[in-house]
Protein chains: 2
Amino acid sequence: MTPLPAKQDMKERILETADRLFYLRGIRAVGVDTVAAEIGISKRTLYNHFPSKDALIAAYLQRRFKMPPLSDKSPAAQILGTFDSLERRFGSANFRGCPFVNAVAELGEDRGVRRIAVAFKESRRIWFRDLLTQLDVADADGIATQLALLVDGSIAQNLVRDDPTMARAAKAAARVLLANAGTTEDQPTKRDRSTRGARARPTTSARKSH
Amino acid sequence: MTPLPAKQDMKERILETADRLFYLRGIRAVGVDTVAAEIGISKRTLYNHFPSKDALIAAYLQRRFKMPPLSDKSPAAQILGTFDSLERRFGSANFRGCPFVNAVAELGEDRGVRRIAVAFKESRRIWFRDLLTQLDVADADGIATQLALLVDGSIAQNLVRDDPTMARAAKAAARVLLANAGTTEDQPTKRDRSTRGARARPTTSARKSH
DNA sequence: CCTTGATTACACCGACCTGTGTAATTAACA
DNA sequence: TGTTAATTACACAGGTCGGTGTAATCAAGG
């Protein structure tokens, strides 16, 4: 059937298929037999490349650990562009939420899964933080966390609602957060030009609450 | 052993236990035998109260469908207070993310589960929106969505990171979004008092990107 | 006392799961 | 050609799962 098993990429083919099935149908919902059958190989071959399903799961998550590539666009464009690519992915029929969050939800007690998921979340936060630093944002760390919340929030919402406009809402919020982030030169107080950001008057009683 | 089975609340005891186990360990990870054993009843009794595990799952999610109670606190205080109670729940050892998101992640294809999850998410968004309307926020609908993103984002982040300060970050972001939300009286343009919101100068290149 | 209904213990079914053992087959390479 | 390594088909072990069937037990109310 398949003209060339091509030797070396057998492992990659297994990973590709496992990725697709695990992600779309859920990890616990897909057995190793299903993965093997989907490729058209024997279960034995799969176990010749991965010692256990746990190993396959770990490799699947590692493979998903891809950060956005370096870009020459402006930091702000890259940050806001994140939400545009999110919206694109939301529109695809193959979108099923964040694979790391899903994996933790499915296999909560598993220590290794948690480790990979945490590393991924943190690396994206750092990605935001570095771009914010380039923008001379004062609290780059804090804003980066907030942006990460918007990303994961829109992903979770879209998982259940299947409404790609969630990405646009997140982008709008991100813009506000960016526009209201102080720059490092702000530190010595003072200097207040006229209010710029679209509308910037506090809602009557939204000043202090807790 | 148990002095009084009390007849009628057998069903409730089953639900209580199923809730705890499903939520903490995952739905697929907990069998009906486990639920029955945990209560000390026979599997047969469980099936006398619920026709199938699917029915038990549905009842579990329905039971989780609780909205925050009516309050006499100011709308802004209620909105921001949401993130305080989130932080409290994050700190608890029994926190394991959003049961609805987790259920959809685990049982994606299931139509009924999705319906309940969507209804829950939407009802919380509406809760936000009504409070925002009381604050005369112009785009109450949009801001409500953004707040919902922050809630679900902090929940997802906390699920994998186990870091309750995520709630504080979400609250900070929510404050900024609130402070920058226009009121309905803003509509006819004009009227700009001095800039109030903490710091409100746009980051150098964060004005436009896409 | 007797009836009624809930609960129990327990075996059992068929399906699916991860993982292994084994002998035969294939293909590359010397 | 012979050697080696990968892959195949297939059976099987041991476990868990959702769900049912059945006969015995228990408790309450008439």
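Okay, one definition before anything else: when I say a residue is near a strand, I mean its C-beta atom, placed from the backbone, lies within 6 Å of that strand. And keep in mind that this is a predicted model.

Let's start with DNA strand D. There are 18 residues around it, and the nearest are Ile41(A), Thr45(A), Gly31(B), Ser52(B) and Lys53(B). As for elements, chain A brings helix H3 (43-49), while chain B brings helix H2 (32-39), helix H3 (43-49) and helix H4 (53-64), each giving two or more residues to that surface. So who gives the largest share near strand D? That's H3(A), with 4 residues. By character, the surface near strand D splits into 7 charged, 6 polar and 5 nonpolar residues.

Now over to DNA strand C. Here again we have 18 residues around the strand, with Gly31(A), Ser52(A), Lys53(A), Ile41(B) and Thr45(B) coming nearest. At least two residues each come from helix H2 (32-39), H3 and helix H4 (53-64) of chain A, and from H3 of chain B. H3(B) gives the most to the surface near strand C, namely 4 residues. The breakdown for strand C is 5 nonpolar, 6 polar and 7 charged.

Last thing, away from the DNA lists: a helix pair in chain A. The axes of H5 (residues 75-91) and H7 (residues 111-134) of chain A come within 9 Å, crossing at roughly 150°. That crossing of H5(A) and H7(A) is left-handed. On the H5(A) side the contact uses Pro75(A), Gln78(A) and Ile79(A), and H7(A) answers with Phe128(A), Leu131(A) and Gln134(A). That contact between H5(A) and H7(A) has 4 nonpolar residues, 2 polar and no charged ones.

Methods
Residues numbered from 1 in each chain as written. Chains lettered and ligands numbered in written order. Predicted model: local features only at pLDDT ≥ 70, side-chain atom pairs only at ≥ 80, totals over all residues. Nonpolar A, V, L, I, M, F, W, Y, C, P; charged D, E, K, R; others polar. Axes fitted to C-alpha atoms, helices over the stretch in contact; angles between N-to-C directions. Left-handed = near helix turned anticlockwise from the far one by under 90°. Contact = placed C-beta atoms within 7 Å.
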